[in-house]
Amino acid sequence: MTATEVSPTAADAGADGAADGAAEAFRAEFRAWLDRAFTAEVAEAVADRQDPETLPARRAWNAALVDAGYGAISWPVEHGGRGAGILEQLAWYEEMDRARAPGPVNVIGVSNIAPAIMSHGTPAQQERFLAPMLRGDEIWSQGMSEPDAGSDLASLRCAAVHDGDHYVVSGQKTWNSLGDQAAWCQLYVRTDPTVPKHQGITCLLVDLTSPGVEVRPIRTMGGELGFAELFFQDVRVPVDAVLGQVGDGWAVATRTLGNERAGVAGLYLSLRATFDRVVAAATLPTADGRRPIDDPVKRDALAARFTEARLLEFLAKRMLGSMLSGGFPAAEGSIVKTAWAQWSQAMAATAVDVLGLPALSGDWADALCGSRSLTIAGGTTEVNRNIVGERVLGLPREPAPEQS
Ligand SMILES: Cc1cc2nc3c(=O)[nH]c(=O)nc-3n(C[C@H](O)[C@H](O)[C@H](O)COP(=O)(O)OP(=O)(O)OC[C@H]3O[C@@H](n4cnc5c(N)ncnc54)[C@H](O)[C@@H]3O)c2cc1C
């Protein structure tokens, strides 16, 4: 039995009957469409999601999703979405997982940057940017981290100086996901160095083809691209590229509510899918004719990973259930993120332990290397533990370094 077979579905997040009925109707409609549209040829063309050469095929699949109305169902109708609620979003994730179909190519744009443009952007910015972002015609990245400003984002130094109808940007960003492919960047800059550090930050929507921008791709230890360092030297950015108010960048970065409330489902679904792949591979005989799955020590490790995948699902569904009852469990998101990161690392290590030498190269080895970043990206485990300690458990605040 696989993890997928024993897993509960959207209904387990808890819902009233009417909403649940609408989600199940959506699921049936979407499943039928996926069965028709996500053909074996499309699946093969998009199979390697890390390979830049598959980008045109992934873009074409992205456009097919959008044209059929399934590109970003959580987005409001006026911006090309369906205004779908949590249960329909959950059904979308579950059906995409069932079909093993890839989501949008513009993953950061669609889930993180678009909501900021919808809540803080001018009508002209919304008109200009949202449609090409949704179709994947323009890839976006987020420029927050700098060499000396990661967890402590408010210390960022990349500066923008007002000069007539432009800002002149100079400085450096790093760990820019998709920066090697991106046409645009949601860039956080310091516009006022004289005020406390959380103030004086502004968010700009920057064309990465502007003169003075240098993009240096970063290759990870898994051998992949997918990141870049960005260097800005006297880059002129028009004032109408400010997102929100000047000096209000901290609020844009931290107080934008995503429409994609069920995105947490993607975490346990991906962990579950990896578990199923490890079990399938462990069921095949190795060179000595034995099957790894028959080794009791390996079975024990797999049982631990299975349990973690289920626990992650319950944690995520508890969070979704709380949202369905009108809650906004922001700090609980740190529990789910921390658990997902640690359990995904354990899954990647177990895959290599269970499958042995052949897994020390190729996809399993790449996944093992790649998994190391999960406890850093999107907020480190230590920082998330502080959030859980302070905001969930009510422990005293961590002393800030400058006060200790
Ligand atoms: C896969 C991946 C994708 C990323 N994508 C992007 C992106 O698209 N855009 C972007 O701007 N950035 C991106 N980042 C950068 C990421 O946001 C930072 O790496 C992260 O915020 C940590 O910052 P840092 O690397 O500077 O480490 P630091 O903040 O310097 O932390 C170093 C160590 O100190 C610990 N630490 C720091 N502060 C505290 C504290 N208060 N209490 C306890 N421990 C603490 C950390 O947990 C860590 O172990 C990405 C990173 C990765 C790995």
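This section describes the domains, the ligand shell and two helix pairs of a predicted model.

The chain is divided into three stretches: domain 1 covers residues 3-105, domain 2 covers 140-248 and domain 3 covers 261-403. Between the C-alpha centres of domain 1 and domain 2 there is a distance of 32 Å.

The ligand is a natural place to look next. Around the ligand there are 18 residues, of which M144, G150, S151, A377 and T380 come nearest. Domain 2 (140-248) and domain 3 (261-403) each contribute at least three residues to this shell. Turning to secondary structure, at least two shell residues come from each of β1 (140-143), β3 (166-177) and α13 (381-392). In terms of residue class, the shell holds 11 polar residues, alongside five nonpolar and two charged ones.

Two helix pairs round out the picture, beginning with α10 and α11. Helix α10 spans residues 296-324 and helix α11 spans residues 332-355; their axes come within 10 Å and cross at roughly 160°. Because the angle is over 145 degrees, α10 counts as roughly antiparallel to α11. The crossing of these two helices, α10 and α11, is left-handed. On the α10 side, the contact is formed by K298, A301, L302, R305, E308, L312, L315, A316 and M319. Facing them from α11 are E332, G333, I335, V336, A339, W340, W343, A346, M347, T350, D353 and V354. Sorted by class, the residues of this contact between α10 and α11 comprise 14 nonpolar, five charged and two polar.

The second pair brings together helix α5 (residues 86-99) and helix α9 (residues 265-282). Their axes lie 10 Å apart, and the helices pack at an angle of about 20°. With an angle under 35 degrees, α5 is therefore roughly parallel to α9. Here the crossing of α5 and α9 is right-handed. Helix α5 takes part through L90, Y93, E94 and D97, while α9 offers A265, G266, L269 and A273. The contact of α5 with α9 has five nonpolar residues, two charged residues and one polar residue.

Seen side by side, the two pairs make a handy contrast for anyone browsing the model: α10 runs roughly antiparallel to α11, whereas α5 runs roughly parallel to α9. Handedness follows suit, with a left-handed crossing for α10 and α11 and a right-handed crossing for α5 and α9.

How values were computed
Residues numbered from 1 in each chain as written. Predicted model: local features only at pLDDT ≥ 70, side-chain atom pairs only at ≥ 80, totals over all residues. Near = placed C-beta within 6 Å. Helix = DSSP H or I, 4+ residues; strand = E, 2+ residues; numbered from the N terminus. Nonpolar A, V, L, I, M, F, W, Y, C, P; charged D, E, K, R; others polar. Domains from an automatic or database assignment. Axes fitted to C-alpha atoms, helices over the stretch in contact; angles between N-to-C directions. Parallel < 35°, antiparallel > 145°, perpendicular 65-115°, else oblique. Left-handed = near helix turned anticlockwise from the far one by under 90°. Contact = placed C-beta atoms within 7 Å.
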